[in-house]
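Here's a chain that may be new to you. Let's walk through it with some questions and answers.

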Amino acid sequence: MRILIVDDSPLVQSALSRLLTAQDDLEVVGCATDRLGALALIERHEPDLVVLDVALTPPDRGYDVLRSIRALRPGLPVIMLSNFGWTAMRRAFLDAGAQAYFDKALEFGRAVQWIRAQAQPSAERSTLDGDGEAGTAR
């Protein structure tokens, strides 16, 4: 699976890239820090999935980047990555078209599970953590 990471933190990009590329079936095709970079890399590399940070450096916001991705490639799965575990924020991103939302502070080590879950047909997807908070997926 070809993955694009969109996060304004080089440390998060590096850690997530290392975690994902350690898997034989996952390939990070690029990292972007903003909306324009993300859209350019989506066009260039045609990833199978995008991991997108909720809080990017202003003026970019994860919500706006998600909407831009939906306009460019409506079927491209997007997993939101956040330090904010608020239920209302999770719901807003899922309602806007994200496939899943996970808390990088609490669930970072489970990123590989989240990404593999998105490769399953939507009828087989479920939350990895059934509490409705951590690990919310469509």
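Q: Before we place any residue in a loop, what counts as a helix or a strand here?
A: Both are DSSP runs, numbered from the N terminus. A helix is a run of H or I with at least four residues, while a strand is a run of E with at least two.

Q: What kind of model is this, and how many helices and strands does the protein chain have?
A: It's a predicted model, so keep that in mind throughout. Going along the sequence, the pattern reads β-α-β-α-β-α-β-α-β-α-α-β. That comes to 6 helices and 6 strands.

Q: Where does Asp-48 lie, and which residue is 29 places from it along the chain with a C-alpha separation of 7.1 Å?
A: Asp-48 is in the loop between α2 and β3. Leaving aside neighbours within four places in sequence, it's in contact with Met-1, Arg-2, Leu-76 and Pro-77. One of these is 29 residues away along the chain, yet the two C-alpha atoms are separated by just 7.1 Å: that's Pro-77.

Q: Is Asp-48 buried, partly exposed or exposed?
A: Its relative accessibility is 38%. Buried would need under 20% and exposed over 50%, so 38% falls in between. Asp-48 therefore counts as partly exposed.

Q: Which residue in the loop between α2 and β3 has a positive phi, though it isn't glycine?
A: Most residues other than glycine have a negative phi. The loop between α2 (35–45) and β3 holds a residue with phi near 45°. This residue counts as exposed because its relative accessibility is 55%. It's Glu-46.

Q: Which two residues does a cis peptide bond join?
A: Most peptide bonds are trans. Here omega is about 15° at a cis bond, and the second residue of the pair lies in the loop between β3 (49–53) and α3 (62–72). The pair is Pro-58 and Pro-59.

Q: How many residues of β3 are buried?
A: In a regular strand the side chains alternate between the two faces of the sheet. In β3, Leu-49, Val-51 and Asp-53 are on one side and Val-50 and Leu-52 on the other, and both faces are covered. So the buried count, taken with a cut-off of under 20% relative accessible area, is 5 of 5.

Q: Which strands pair with β3, and in what sense?
A: On one hand there's β1, with 4 bridges to β3, where Val-6 has Leu-52 as its bridge partner. On the other there's β4, again over 4 bridges, where Val-50 has Val-78 as its partner. So the strands are β1 and β4, and the sense is parallel.

Q: Which handedness does the unit of β3, α3 and β4 have?
A: The helix in this unit has buried residues Gly-62, Val-65, Leu-66, Ser-68, Ile-69 and Arg-70. They pack against α2, β3, β4 and α4 (87–95). As a β-α-β unit, β3, α3 and β4 are right-handed.

Q: Which element gives the most residues to the largest nonpolar core?
A: In soluble globular proteins, nonpolar side chains tend to be buried together. The largest core here has 20 residues, and Val-6, Val-50, Leu-52, Ile-69 and Met-80 touch the most other members. Elements giving two or more residues are β1 (2–6), α2, β3, α3 and β4 (78–82). With 4 residues, the one that gives the most is α2.

Q: How many residues are in the other core?
A: Apart from the largest core lies another one. Its members include Leu-20, Leu-49, Leu-81 and Ile-115. Its size is 17 residues.

Q: Which backbone oxygens does the side chain of Gln-13 reach?
A: Gln-13 lies in helix α1 (residues 10–21), and it counts as buried because its relative accessibility is 13%. Beyond four places in sequence, it touches Ile-5, Asp-7, Cys-31, Ala-32 and Thr-33. Two of the contacts involve backbone oxygens: one at 2.6 Å from Asp-7, and one at 3.1 Å from Ala-32.

Q: What share of the residues of the protein chain counts as buried?
A: The chain exposes about 6,600 Å², and carbon and sulfur atoms supply 53% of that. Of its 138 residues, the buried share is 46%.

How values were computed:
Residues numbered from 1 in each chain as written. Predicted model: local features only at pLDDT ≥ 70, side-chain atom pairs only at ≥ 80, totals over all residues. Heavy atoms only, no water. Buried < 20%, exposed > 50% of the residue type's maximum accessible area, 1.4 Å probe, protein only. Polar contact = N/O pair within 3.5 Å; in protein donor to acceptor, adjacent residues only side chain to side chain. Contact = heavy atoms within 4.5 Å. Core = buried A, V, L, I, M, F, W, Y, C linked by side-chain atoms within 4.5 Å. Pairing = 2+ DSSP bridges. Right-handed = clockwise from strand over helix to strand, strands pointing away. Areas by Shrake-Rupley, 256 points an atom, 1.4 Å probe, with all protein chains shown as cover.
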